[in-house]
Amino acid sequence: MSLAMSKTGDNGNDAAFGRRLIESDSFAFEFVSGLAEMESWRKEVHRPVYHIHKWWAKRLGSVFRAVLLGSVLPETESLADAFYRQHDFSGLKVFDPFMGSGTTVGEAHKLGFTALGRDINPVACESVRVALGPMDRDALLRAFGQLSAGAGERIRRLYRTADQAGHECDALYFFWVKVVPCPACSASVDLFPSYIFARNAYPDRKPEVRVYCPECAGLFAANVNDVQATCPHCRREFDLHKGPAGGASATCQKCQHVFPIAKTVVALGHPPAHRMFAKLVLTGGNNKLYVPISREDELAYARCSEELAASRLPLPTLEMKDGYNTRQVLNYAYRSWREFFNDRQLLALGWLHEAILGLPDDAVRSALRNVFSGVL
């Protein structure tokens, strides 16, 4: 952040040009740290305007408000008192040349500064322009309702499925595993690093996990601390933490050949294939159940692929360029950003994008495009 100051008459800002609070030992670091700790737990709730679009290393609004105040208030001021007061620093300018999600610009605007921001990334510029710009709430809600009733209903139908009893329900997640052919015997090798495919973020508190059986493809619950598990469906006993893929290599479960994953994928000339093996569904009673993939699920996905191929949707074609953050996936034969999405996702996103572009209101269309970009 760069702070540029200019004096424009008698507006109470004269003190900003003496020794500032942030330059003195009386700057209340502990006070700011306490606020930052509270805000960091739910940043998107406390300052949602900076979280409309996903961004890297988002800074805390409380910290930037404190930095801005400390940069203009005299050293005799109490930051804890000044933090909650209304201010008008309209005679001063704040410029952030690396504005990212716009935290500096937003917090400076709240304090009455003339706030200027720019960024080398056009996504940052567009997202901040939309997030901090004027918006008609009623128009936005009407447009959202229109999208939900139109493209939204079409998308929801793509994720209708059935539980094990055959009752229709919504799929919350489909679980996929990457698959490559064994170079020695051509058998398909599932690249499971472990057979645990679902676990709680805090396993010490909630140790129950969901496990995929490599013998019968059954699903069952186990304890994350268990080493061996016995499938209740086929009685196969196996190490639930050790799948065919380990590090850079994989082991064929048919011939026991160990092979390098990346080299094998590059030889194929395309990214690894994927196979659906489980789904998390929401039943009519609002219960979440893990269910194996059925033949009907496979056919439904195949229909998505056929519809996508027959569509005229404007799907992305941008190729990835070599760089620090792309080199790893390029080594696994990925070449286009589009390859990170499967056909059902591309169909759903294509429908939604097309519907957003068809909205007549420029401001509403820009806002919903911004949200659309963020969820990608």
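This passage walks through the cores, pockets, cavities and a few individual residues of a predicted model.

A good place to start is the packing of the interior. In soluble globular proteins, nonpolar side chains tend to be buried together. Here the largest nonpolar core has 23 residues. Within this core, the residues with the most contacts are F197, V211, Y212, F220, F238, L240 and F277. At least two residues of the core come from each of strand 5 (168-181), strand 7 (196-199), strand 8 (208-212), strand 9 (219-223) and strand 15 (273-282). A second core, separate from the largest one, has 19 residues, and V32, A66, L79 and A82 are among them. Returning to the largest core, V211 gives a picture of the surroundings of one member: leaving aside residues up to four places away in sequence, V211 touches Y195, I196, F197, G218, L219, F220, A222, F238 and L240.

Y290 offers another view of the contacts made by a strand residue. Y290 sits in strand 16 (residues 288-292) and is partly exposed, because its relative accessible area of 28% lies between the limits of 20% and 50%. Apart from residues up to four places away in sequence, the contacts of Y290 are F175, F197, A198, R210, L219, K279 and L280. V364, by contrast, is 38 Å from Y290 in space, C-alpha to C-alpha, with their positions 74 residues apart in sequence.

The cysteines can be described briefly. The structure holds 0 disulfides. C213 is in no disulfide, and the nearest cysteine sulfur, that of C234, is 3.7 Å away; this separation does not meet the cut-off, because a disulfide needs sulfur atoms within 2.5 Å. C213 is buried, at 0% relative accessibility, whereas C125 is partly exposed, with a relative accessible area of 28%.

Attention now turns to the open spaces. Rolling a probe the size of a water molecule over the atoms shows where empty space is left. The largest pocket holds about 1,400 Å³ of space. Its lining is made of 35 residues, and V123, W337, F341, S373 and L376 lie nearest the centre. Helix 6 (122-131), helix 11 (343-357) and helix 12 (362-375) each contribute at least two residues to this lining, and helix 12 gives the most, with 7 residues. By class, the lining of the largest pocket comprises 18 nonpolar, 11 polar and 6 charged residues.

The second largest pocket has a volume of about 630 Å³. Its lining has 22 residues, and those closest to the centre are W176, H274, F341, N342 and Q345. Strand 5, strand 15 and helix 11 are the elements that give two or more residues to this lining. Strand 5 provides the largest share, 6 residues. The lining of the second largest pocket divides into 13 nonpolar, 4 polar and 5 charged residues. F341 is named among the residues by the centre of the largest pocket and also among those by the centre of the second largest pocket.

Enclosed spaces were also found, with a count of 2 cavities of 30 Å³ or more. The largest cavity contains about 70 Å³ of space. Of its 13 lining residues, V49, Y50, H53, S101 and S127 are the closest to the centre. Helix 6 supplies the largest share of the lining, 3 residues, and the lining as a whole has 6 nonpolar, 5 polar and 2 charged residues. S101 belongs to the loop between strand 2 (93-96) and helix 5 (103-110). S101 counts as buried because its relative accessible area, 14%, is under 20%. Beyond residues up to four places away in sequence, S101 touches Y50, W55, K58 and V128.

The second largest cavity holds about 30 Å³ of space. Its lining consists of E39, K43, R47, Y50, H51, K58, R59, L60 and G61, and these residues divide into 2 nonpolar, 2 polar and 5 charged.

Two alanines complete the picture through their backbone angles. Most residues other than glycine have a negative phi, and most peptide bonds are trans. A217, however, has a positive phi near 70°, and A333 has a positive phi of about 75°. A217 lies in the loop between strand 8 and strand 9 and is partly exposed, at 31% relative accessibility. A333 is found in the loop between helix 10 (327-330) and helix 11 and is buried, with a relative accessible area of 7%.

Terms used: Residues are numbered from 1 along each chain as its sequence is written. This is a predicted model: local features need pLDDT of at least 70, side-chain atom pairs count only at pLDDT 80 or more; totals for chains, interfaces and linings use all residues. Side-chain values use heavy atoms; hydrogens and water are left out. Helices (H or I, at least four residues) and strands (E, at least two) are DSSP runs, numbered from the N terminus. Buried means under 20% relative accessible area, exposed over 50%, partly exposed in between (1.4 Å probe, protein chains only). Contact means heavy atoms within 4.5 Å. A nonpolar core is a set of buried Ala, Val, Leu, Ile, Met, Phe, Trp, Tyr and Cys residues joined through side-chain atoms within 4.5 Å. On a 1 Å grid over the protein atoms alone, a cavity is a set of points where a 1.4 Å probe fits but cannot get out, and a pocket is an open set with protein on both sides within 12 Å along at least five of seven lines; lining residues have an atom within 4 Å of a point. Grid points are joined across faces, edges and corners, and a volume is the space filled by probe spheres set on the points. Ala, Val, Leu, Ile, Met, Phe, Trp, Tyr, Cys and Pro count as nonpolar, Asp, Glu, Lys and Arg as charged, and the others, Gly among them, as polar.
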